[in-house]
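Visitor: I would like a close look at a single part of this model, with its surroundings explained step by step. Please keep it plain.

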Amino acid sequence: MSSTPDLDSLVALVPRPFALFDAEHRLLAANQLAADLLGHALEDLAGMPCKHFFTGLAGACDGPESCSLHRALIHGSRLIENIQNDRLGGPLSLHLRVIQNQAGYLGVLLEAGNSMPAAESQLVGRSEAMQNLMTMIERVAPTQATVLLLGESGVGKERAADHLHRHSRRVSGPLVVVDCSTLGENLIEAELFGYEKGAFTGADRRKIGLFEAAEGGTLFIDEVGEMPLAMQSKLLRALETSRIRRLGGTDYIAVDARVIAATHRDLAAMVQQGQFREDLFYRLSAFPIQIPPLRERPDDILALAEHFLQHSEAGDAALPLGPEVCEMLLGYQFPGNVRELKNIISRAAILADNGPLRPEHIAFQAVRRGDIDISAGRIPRSRNRLSTERILAVLQACDGHRSEAARQLGISERTLYRHLQKIPEY
């Protein structure tokens, strides 16, 4: 390749498929893993446009509307499904994680994503808090440590568990989910450990439990703080011994499942109140990860909104988001976190009827939290309001580099372009 030897050598050291593009989406360097994944010879990659790199078809980048690299950059991480790759003889699905520096260079980690559903497989966000969260998850993922995910309802704990599982050594095994908040004590035990025929009235056959169903994979126990005390001791025993006993059974069964637990409750306070076992608390919290609420990472709001729109029936037809809608979303506190934002966008997409989202399509629930009155009729102004003055100031600070300006404003490049079209000097 024509790039400097130092750059080639550095990229070659990355242990996963990796490529480096310039601001024009031309390839500067890639490692052998990336070349092999896409069916290229390493020596042929010098200056290759991203379109040629991903699809095998010669030609320049297709531009923001259909460029896989651009769409991944908007969210920092994205699954690109059914890329028609002629060199591999058929469609390819790739998970791309993109990092952009101030010069506009794009570092791209690639992962074959044939088993990753587009709407359910990725953490979305460009904020520093979200990037730190993904780094933390990906660091603990290859280990066997039990992980405790903490955060308010709706922050995306199940999505984080999915991300952790997909970056673990158990990715070829199942991810099995149980929600303790929806089950009574007897049902939790039967679900987790299974039962033998005749164990109770109606048990007319043997049923394996979720520990056994997660063999070789990951068991995600959601809302573990709702688990009754009697069940907590049985869960602790299973974690300590890696063995379970079905209801009505006499034999212990060895199980091999990594456990991820999650809760929105303060388990330490519950321990002090005698509502949660101290020994189980310490066993589960071997590696705690706090997921911040959406109001503490406003830079992610618009990226998430666009992500949900792209996976709605309206699809890209409702994009880009208009300035008024952006301002409304950025001025809201989202007490229901990411789940609430998804519901708001889903409703708005239906009302928009395959057209652009407008302010009248956005409806917030009236909720009072602390001293903030959050309602559809009174939206607090955001400190990050997307005014013309602020956009121009950020652009000037970034020397006119639109990608970096969009990142600092917490919006996509497409949304920034939409704003700039309304400014006379642009």
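Guide: What follows starts at one residue and works outward to the sheet, the cavities and the cores. Keep in mind that this is a predicted model.

The starting point is S127. S127 sits in the loop that joins strand β5, residues 106-112, to helix α5, residues 128-140. Is S127 buried or exposed? Its relative accessibility is 4%, and buried means under 20%, so S127 counts as buried. Which residues does S127 touch, once its neighbours within four places in sequence are left aside? The contacts of S127 are then R297, D299 and D300.

The next stop is the helix that follows this loop. Helix α5 lies across three strands, namely β6, β13 (258-263) and β14. Relative to β14, α5 runs at about 160°.

Those three strands belong to an open sheet of five, ordered β7-β10-β13-β6-β14, with parallel pairing. At its edges are β7 (175-179) and β14 (287-290), each of which pairs on one side only. From one strand to the next, the twist averages 20°. The pairing of β14 can be followed in detail: its parallel partner is β6, residues 147-150, and four bridges link the two. On this pair of strands, V147 stands opposite F287 of β14.

Now to the empty space. A probe the size of a water molecule, rolled over the atoms, shows where such space is left. How many cavities of 30 Å³ or more does the structure hold? There are three. The largest cavity has a volume of about 60 Å³. Twelve residues line this largest cavity, and R16, H95, R97, E111 and H167 are the ones nearest its centre. Here α5 appears again: along with β4 (90-100) and β5, α5 gives two or more residues to the lining. The loop of S127 therefore runs between two of these elements, β5 and α5.

Last come the nonpolar cores. The largest nonpolar core has 32 residues, and L192, F211, L219 and I221 have the most contacts inside it. Helix α9, residues 229-241, supplies the largest share of this core, with five residues. Beyond its neighbours within four places in sequence, L192 is in contact with several residues, among them V178, F211, L219 and M231. A second core is separate from this one; it has 27 residues, including I301, A303, A305 and A352.

How values were computed. Residues are numbered from 1 along each chain as its sequence is written. This is a predicted model: local features need pLDDT of at least 70, side-chain atom pairs count only at pLDDT 80 or more; totals for chains, interfaces and linings use all residues. Side-chain values use heavy atoms; hydrogens and water are left out. Buried means under 20% relative accessible area, exposed over 50%, partly exposed in between (1.4 Å probe, protein chains only). Contact means heavy atoms within 4.5 Å. Two strands pair if DSSP finds at least two bridges between them. Axes are lines fitted to C-alpha atoms, for helices over the stretch in contact, and angles run from 0 to 180 degrees between N-to-C directions. A nonpolar core is a set of buried Ala, Val, Leu, Ile, Met, Phe, Trp, Tyr and Cys residues joined through side-chain atoms within 4.5 Å. On a 1 Å grid over the protein atoms alone, a cavity is a set of points where a 1.4 Å probe fits but cannot get out, and a pocket is an open set with protein on both sides within 12 Å along at least five of seven lines; lining residues have an atom within 4 Å of a point. Grid points are joined across faces, edges and corners, and a volume is the space filled by probe spheres set on the points.
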